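Subject: Structure for your review

Dear colleague,

Please find below the sequence and structure that I am handing over to you. My findings follow underneath.

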Amino acid sequence: MSEERLSERSKKVSGSSNRVYSEDVLITGDRYTSIDFMEKEMDKLWPRVWNIGGWSNEIPESGDFVTHPLGRESILMVRQTDGSVKAFHNVCPHRGNRLVHSNIGSVPEFTCTYHGWKFDHGGTLIYAQDEEDFPQGNPCGKLTLSEIPCEVYAGFVWYNMDENCFPLSGFLGEVKTYFDMHDLDGMKRVYHKVCEVPFNWKALRDNFCESYHLPMTHPQISDYFDDDYKNTDFELFETGHNLMKMKGCLPSLRNSGTFEVNDKIEADLKNWDLDPTDFEGEAHKVREALQKQKRKLGPKRGFKHFNDMPDAWLTDAFHFNIFPGTSITFTAEVVSLQRTEPHPIDPNKSIYDHWQMALKANDSDNPETNPTMLVASPEELVEWKEVEKKVVIYGEETLSEVADQDLDRSSGQQLGFQSRGFKGAYLSGQENRVQQFHNFIDRYINKI
Ligand code: FES
Ligand SMILES: [Fe+2]
């Protein structure tokens, strides 16, 4: 790739961002297909970043645990009596058996299935058969599970396999300021599906790092979100994370003459006690009116965090890509998480995870539009309650309309990545977050 082309692309940045990368990596197919590249990521990338291991509400009581598989690793997170959570590598220090084989549960202590060693919730060995028969001395009270840094923040349980890592707040950087404005701790996870998918984890990450694909891949989105990049703000942070601020309750300004109030916008107006007939032919004026109305009524309806939010948060989508594998999209009342994580051995596959968290619909919500106090999930309105994880076979069940469209495109891309004819991505300015993502991957894997 010529220097000229690199600098032109790097400078052509949309929205509010003007970051320039001097060392853009060429995004070639082997990054998605090669075992060698996958192993570098396993070795140098994933063990050095903060990962979300669970949703705090799923382990409320002391002794509750959840495990998180990440590539070939497995991390065990356990709620302690003081309410904190500790994280350990899920491996028995005796002879290396995997300690816990279930995803979630609650136990008085952890017992290894091989020789019966027992560990308390803090990870200390409390029982070993024939404890007197160890020439090194009785291991009880001495040996522990291998503990790693763990923090509970914004409703999530985070861990980092690097014992010398920066605290989570340093890893998140400016992103934390945004997260703090919302009320994730007050949410319930109302949707949770997981699926093995036929593409490398980075294919979908690239997808979430650009909105260039929206008009073609998700034409339905333009009814409600302005997908024109010229009206969208993008921020690329020095931490490797990035943010897209997409204007909501505003039909795409790409399409002239679409200023009629459509069904989605009408439902929003009614829910916030505004009259759709006041906006006939003027749907582009709804966003601002709705912001004012939400500002006025939101706190009375229980959405106290609206007081801390700028106007744009009340209507728009704030789509964060948390390096490397997670997207978290905030709207005023719901937050969704989508991520892909590496398959243990196959670079052509990954694990896709889709969550949605929602705030309680308030009693004063319009009973005509929401008589049963249901909240939004990616597929339908659902009850406001914590759900269990559902494992889905790819292609047999939906993972939501929009996600299905993205997963389909990433699957097609994985086929193309294996072609000799693919010489490397040729990015538009508005896809510069894709470039940022790959640049940061290389920073990690090239670091000693
Ligand atoms: S490997 Fe766990 S008790 Fe032996
Ligand atoms: Fe998409």
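I begin with a contact between two helices. In helix 6, the residues Ala203, Leu204 and Asn207 meet Asp406, Arg409, Ser410, Gln413 and Gln414 of helix 10. Sorted by class, this contact of helix 6 with helix 10 comprises 2 nonpolar, 4 polar and 2 charged residues.

Please bear in mind that the model is predicted. The protein chain has a mean pLDDT of 91, and 92% of its residues reach 70 or more. Over residues 1–20, however, the pLDDT is below 50. Beyond near neighbours in sequence, this stretch has 29 contacts in the model.

To return to the helices, how do their axes lie? Helix 6 covers residues 201–208 and helix 10 covers residues 401–417. Their axes come within 9 Å and cross at roughly 125 degrees. An angle between 115 and 145 degrees counts as oblique, and helix 6 and helix 10 are therefore oblique to each other. The crossing of these two helices is right-handed.

The model also contains an open sheet of 5 strands, in the order 5-2-3-4-9, with antiparallel pairing. Which strands stand at the edges? They are strand 5 (104–106) and strand 9 (147–148). Each has a single partner strand, so one side of each is left without a neighbour in the sheet. For strand 9, one pairing is with strand 4 (residues 85–89), in the antiparallel sense and over 2 bridges. Within strand 9, Ile148 stands opposite Ala87.

Yours sincerely,
A colleague

Notes: Residues are numbered from 1 along each chain as its sequence is written. Chains are lettered from A and ligands numbered from 1 in the order in which they are written. This is a predicted model: local features need pLDDT of at least 70, side-chain atom pairs count only at pLDDT 80 or more; totals for chains, interfaces and linings use all residues. pLDDT is the predictor's confidence in each residue, from 0 to 100. Two residues are in contact if their C-beta atoms, placed from the backbone, lie within 7 Å. Axes are lines fitted to C-alpha atoms, for helices over the stretch in contact, and angles run from 0 to 180 degrees between N-to-C directions. Helices (H or I, at least four residues) and strands (E, at least two) are DSSP runs, numbered from the N terminus. Angles under 35 degrees count as roughly parallel, over 145 as roughly antiparallel, 65 to 115 as roughly perpendicular and the rest as oblique. A crossing is left-handed if the near helix is turned anticlockwise from the far one by less than a right angle, and right-handed if clockwise. Ala, Val, Leu, Ile, Met, Phe, Trp, Tyr, Cys and Pro count as nonpolar, Asp, Glu, Lys and Arg as charged, and the others, Gly among them, as polar. Two strands pair if DSSP finds at least two bridges between them.
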